Amino acid sequence: MSLPGTPESRFVSVKSAFAADGFDVVPVAEPGKTGVTREWLLRSGRIAVAATHRSATNFVTGEAKRAYYVEGDADTMGWFIGYLCEPEIARMTGPFLDAIVFSFLHKESIEEGPLGPELIKLLRRLAHEVVDVTKPDIPPEYHRELEAMHRGCHDRRPASSVTLDDLWVLNVGIDGVLSHIYTGEVFTRRGHHPRHLRIPLMCNGFAAPGEGGKRWFGRDFMFPTANVYQDTACMIIHRCDDGRRPFVSQTAPGIIGSMVGLNEAGLSMGVDMSPGAQCDPGRPGFNSLLLVRHCVERGSTAAEAVDIIDGAQRGVSWIYPLADASGGAFVVEAGRKLGRRRRLPLMKGIPLHYRRRLPSRRYVKRLREACYPGALRDGLVALDPNWRLPPEYTRDWNEGLWKARDRDLLDKALVALGDLGAILGDLLHFRFVGLARRIRKDFEELVEALPYSPAYFLTAGRINASWKDRHLPGPFYFAPQRFELPRTDGLVVATNHCLSPEMRLRAMTMWNALLAGANFDDIQWRYDELAGQLRAALGSNTSGLGEHEAWRIINFLTSEPANPFHEYYNPGNAIPWQKVQVGGSVSLCELTGRSMKSLFGYYGDSPVTISLMKYLS
């Protein structure tokens, strides 16, 4: 597909677009010419441009925020990013990969005895092993892009530490690790208790109407930085010439997927972690950041993006919020692709004590066919703004699930101790006093009386008044939906728990309960808070959200002192709020105008904006 004008004319247009967005083009070294720099690179008739922001800087390092424009096919764009960003890619494939595994372990697991080194070694091995089994499920253009990126790094610096294997691990390894962490088999075989592991942070997202016919897509990508991402994160504008759609991506060099992506058709999408058993560790497949990018490259509407997710060979549990400029929106609760002739294993892995208090498969099917026919697809449920959770679930089943915690002492002890194999494994790895302390903690949490109230499930209700509260029975409940239905304004909200009964049931395993622990309370609190703020804002302004209000809502966890939740990331205000790292990024896309505003680095930094259509003129 040809691009308009000449390379020179496109550079002039891109430079003007960067200037309008507050960036200055920076010269880069010209390949093969020592000491020669130029403002843009040319390769195969396509150009690349690097820019730094005039005023938005990293609060700690003082470096200006970066953005890149690249065009061409997969090979050309991959080479451009590799050449332009070799230092950042070396950090992402080096220190970032080395440190990211620590985010999946509890501190005490690392510090006590030989368990820490053993688990670190296991997680790193799993991240590398997944590459070969995952490659066949990844579209070929991404293979070419990673290979070209590797070449670009070494053309820029022949002694570069970047390896192709590490680039693959960076892009698919976390999916492989999560497929094992969520299911647990590889860890139980080695005697590891699920609470040796942890789920690092989580995510938030919404789609909502804006003033003057605008459409907002808010995205808070809560993910560990490994003390690297906060300094390497950037914005990249891709202008593909091989049939794929131009888009802007918030990411870090080396990661070819998108934390959030927005294309020229006005389709935007993100991904939220979703602890659940609907995974395939033997074939983790095509998911998360790469799948987000694939959807915004290939789709023009929210419905088309759902079809693309449905067709992908997925193998890990994730939630995908997405929206388009016309008001179409979905929250896709996705897990392992099953194949058309296989049924979702609703009750697999649920402890018998809870299974007795859950509806039957026939019951679930009857309510689905009556209330949301067509939403269940191949291993996923697609929730649009008019999707309705049947009230029977929260009304008729949750009280019994809450009271399931109130069982006899022996039953509680057996659940708290876990299976015999895990306990024997603990005895092999730790001093008995350490094991006893952990078991006692697990026991106390499980026998603690939990309050129950029907008011928890009202539209404007809350289960936890604060992110510090612990009122939930782990994953063993049906989460309430906090909006009046039906809605026609394209409003959807997502954190990290599923609303559909089908995918809720796939999260109700004892491994998941002990793995994620208090995360379930935090997830529900964030969902209730985000939904409450949107209800209040839209209720008082029927014309839709203004930009300031939309940004305030998606950035509701900022560490700025004026924010009521400023201690969420900074307990006790232990450090100056400006130095609190943004876990991933916070982004707000305006879908009708095709712009993306994004904050990454530290909460003391200023966000940057990319107005996509200016770069395509």
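Here are three short exercises, with worked solutions, on a predicted model.

**Exercise 1.** Work out which residues of helix 2 (residues 74-84) are buried, and what that says about the helix.

*Solution.* Start with the cut-off: buried means under 20% relative accessible area. Now go along the helix: Ala-74, Thr-76, Met-77, Gly-78, Trp-79, Phe-80, Ile-81, Gly-82, Tyr-83 and Leu-84 are buried. That's 10 of the 11 residues, so helix 2 is largely enclosed by the rest of the structure.

**Exercise 2.** Place strand 11 (residues 260-263) among its partners, using Gly-261 as your anchor.

*Solution.* First, look at the two faces: Val-260 and Leu-262 point one way, Gly-261 and Asn-263 point the other way, and all are buried. Next, check one neighbour: strand 10 (residues 247-251) pairs with strand 11 in the antiparallel sense over 4 bridges, and Gly-261 is the bridge partner of Ser-249. Then turn to strand 12 (residues 268-270), which runs antiparallel to strand 11 and is joined to it by 3 bridges. Here Gly-261 stands opposite Met-269. Finally, find the turn: strands 11 and 12 form a hairpin with 4 residues between them, and Gly-266 in that turn has a positive phi of about 95 degrees.

**Exercise 3.** Describe how helix 10 (residues 288-298) packs against helix 11 (residues 302-311).

*Solution.* Get the geometry first: the axes come within 9 Å and cross at roughly 135 degrees. That makes helix 10 oblique to helix 11. The crossing is right-handed. Now list who touches whom: helix 10 brings Leu-291, His-294, Cys-295 and Arg-298, while helix 11 brings Glu-304, Ala-305, Ile-308 and Ile-309. Sort these contact residues and you get 5 nonpolar, 1 polar and 2 charged.

Note on methods: Residues are numbered from 1 along each chain as its sequence is written. This is a predicted model: local features need pLDDT of at least 70, side-chain atom pairs count only at pLDDT 80 or more; totals for chains, interfaces and linings use all residues. Side-chain values use heavy atoms; hydrogens and water are left out. Buried means under 20% relative accessible area, exposed over 50%, partly exposed in between (1.4 Å probe, protein chains only). Two strands pair if DSSP finds at least two bridges between them. Axes are lines fitted to C-alpha atoms, for helices over the stretch in contact, and angles run from 0 to 180 degrees between N-to-C directions. Angles under 35 degrees count as roughly parallel, over 145 as roughly antiparallel, 65 to 115 as roughly perpendicular and the rest as oblique. A crossing is left-handed if the near helix is turned anticlockwise from the far one by less than a right angle, and right-handed if clockwise. Contact means heavy atoms within 4.5 Å. Ala, Val, Leu, Ile, Met, Phe, Trp, Tyr, Cys and Pro count as nonpolar, Asp, Glu, Lys and Arg as charged, and the others, Gly among them, as polar.
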